[in-house]
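Reader: I'm at home at the bench, but new to reading models on a screen. Could you walk me through this one, feature by feature?

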Amino acid sequence: MARSFEICSFWAASLALILGLATLVGWLFDLHALKYGMSQGPMRSWAALSLLFLSSALLLTQMKQRTSVQDGVRIALAGSALLINAMMLMEYLFLADLGVDRLLPYEMNGRFPGRLPLNTALSFALFGVVIIIFPKFTRLAKNLAIISGLLSVVASLGYLLKVPELYGY
């Protein structure tokens, strides 16, 4: 059973890495199909970068024999995603505009054009914490991963049911 979870985790992380990379290429070369996929709006460039960082860190976590350099890279990737998304959460919490959302390319739509929706930023931030603490605090990491996953499920249901309140601002 544990082996099948490892395989599923590997493929999910690989697909997330490809999706994040493809979306960033779409933003870099202004390729509508890669930025939008099959949705009405584009994937935000910060979401693509967070996906890329977190999926790469997750793939490093799964390596059987890790070196301290690989662990450092894993923590740096997860920490970068955590920092980016924590700053966006601070913007929501303190009603501030730190300008983080405008550091990468974005399209002018919505109240905060480049900012990730609250639930997306929270989910990415939680998953960054999960990857950083996983080897030492397994139970806490699993609980935070479940919360992060539930936030993603709620957002996905919002897209499927066309209820913007579940995935938007």
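Author: Happily! Let's begin with helix packing. The buried residues of H4 pack against helix H3 (45-61) and helix H5 (118-133). Please keep in mind that this is a predicted model.

Reader: Which residues of H4 are buried?

Author: The cut-off to use is a relative accessible area under 20%. In H4, the buried residues are Arg74, Leu77, Ala78, Ala81, Ile84, Asn85, Met88, Leu89, Glu91 and Tyr92.

Reader: How do I check the length of a helix? What span should H4 have?

Author: The general idea is to take 1.5 Å times one less than the number of residues. Helix H4 covers residues 68-93, which is 26 residues, so a span of 38 Å is expected. The C-alpha atoms at its ends are 36 Å apart, and this agrees. Just after H4, Leu95 has a positive phi of about 50°.

Reader: Let me try that on H1. What is its reach, from first C-alpha to last?

Author: H1 has 27 residues and reaches 39 Å, close to the 39 Å expected at 1.5 Å a residue. Its buried residues are Ala13, Ser14, Ala16, Gly20, Thr23, Gly26 and Trp27, and they pack against H2 and H3. Just after H1, Asp30 takes a positive phi of about 50°.

Reader: What about Ala12, is it buried or partly exposed?

Author: Ala12, which lies in helix H1 (residues 2-28), has a relative accessible area of 46%, so it is partly exposed. It also shows how sequence and space can be read side by side: Ala12 and Ser56 are 44 residues apart in sequence and 11 Å apart in space, C-alpha to C-alpha.

Reader: Could I have another pair to practise on?

Author: Try Val154, in helix H6 (residues 138-161). Val154 and Leu144 are 10 residues apart along the chain, with 15 Å between their C-alpha atoms. Val154 counts as partly exposed because its relative accessibility is 37%.

Reader: Now for the surface. Which residues form a nonpolar patch there?

Author: To belong to such a patch, a residue needs over 30% relative accessible area. Here the patch is formed by Leu21, Val25, Leu28, Phe29, Leu31 and Leu34, with about 550 Å² of accessible area together. H1 gives the most to the patch, with three residues. Leu34 is found in helix H2 (residues 32-36), and its relative accessible area of 34% makes it partly exposed.

Reader: On to charges. How many salt bridges does the structure hold?

Author: Side chains of opposite charge can pair when their charged atoms come close. This structure holds seven salt bridges. In one of them, Asp71 pairs with Arg66, and the closest N and O atoms are 2.8 Å apart. Asp71 is partly exposed at 23% relative accessibility, and Arg66 is partly exposed at 30%.

Reader: Which salt bridge joins Asp71 and Arg74, and what is its N to O distance?

Author: The side chains of Arg74 and Asp71 meet in a salt bridge at 3.2 Å, N to O. Both residues lie in helix H4, three residues apart, about one turn of the helix. Arg74 counts as buried, with 3% relative accessibility.

Reader: Glu91 was on your buried list too. Which side chain meets that of Glu91 in a salt bridge?

Author: That partner is Arg115, at 3.1 Å, N to O. Arg115 lies in the loop between H4 and H5 and Glu91 in helix H4, so the pair ties together parts that are 24 residues apart in sequence. Arg115 and Glu91 are both buried. Elsewhere, Arg3, Glu6 and Lys64 are joined into one network by salt bridges that share partners.

Reader: And what else is Glu91 in contact with, beyond its neighbours within four places in sequence?

Author: Besides Arg115, its contacts are Ala96, Asp97, Leu98, Gly99, Val100 and Asp101. For Gly99, the backbone nitrogen lies 3.2 Å from a polar atom of the Glu91 side chain. Glu91 has 1% relative accessibility, so it counts as buried.

Key. Residues are numbered from 1 along each chain as its sequence is written. This is a predicted model: local features need pLDDT of at least 70, side-chain atom pairs count only at pLDDT 80 or more; totals for chains, interfaces and linings use all residues. Side-chain values use heavy atoms; hydrogens and water are left out. Helices (H or I, at least four residues) and strands (E, at least two) are DSSP runs, numbered from the N terminus. Buried means under 20% relative accessible area, exposed over 50%, partly exposed in between (1.4 Å probe, protein chains only). Contact means heavy atoms within 4.5 Å. Patches are made of residues with over 30% relative accessible area and no salt bridge: like charges are joined within 9 Å, nonpolar side chains (Val, Leu, Ile, Met, Phe, Trp, Tyr) within 5 Å. Accessible areas come from the Shrake-Rupley method with a 1.4 Å probe; for residues, only the protein chains shown count as cover. A salt bridge is a side-chain nitrogen of Lys or Arg within 4 Å of a carboxyl oxygen of Asp or Glu. A polar contact is a pair of N or O atoms within 3.5 Å; within protein, one must be able to donate a hydrogen and the other to accept it, and residues adjacent in sequence count only if both atoms are side-chain atoms.
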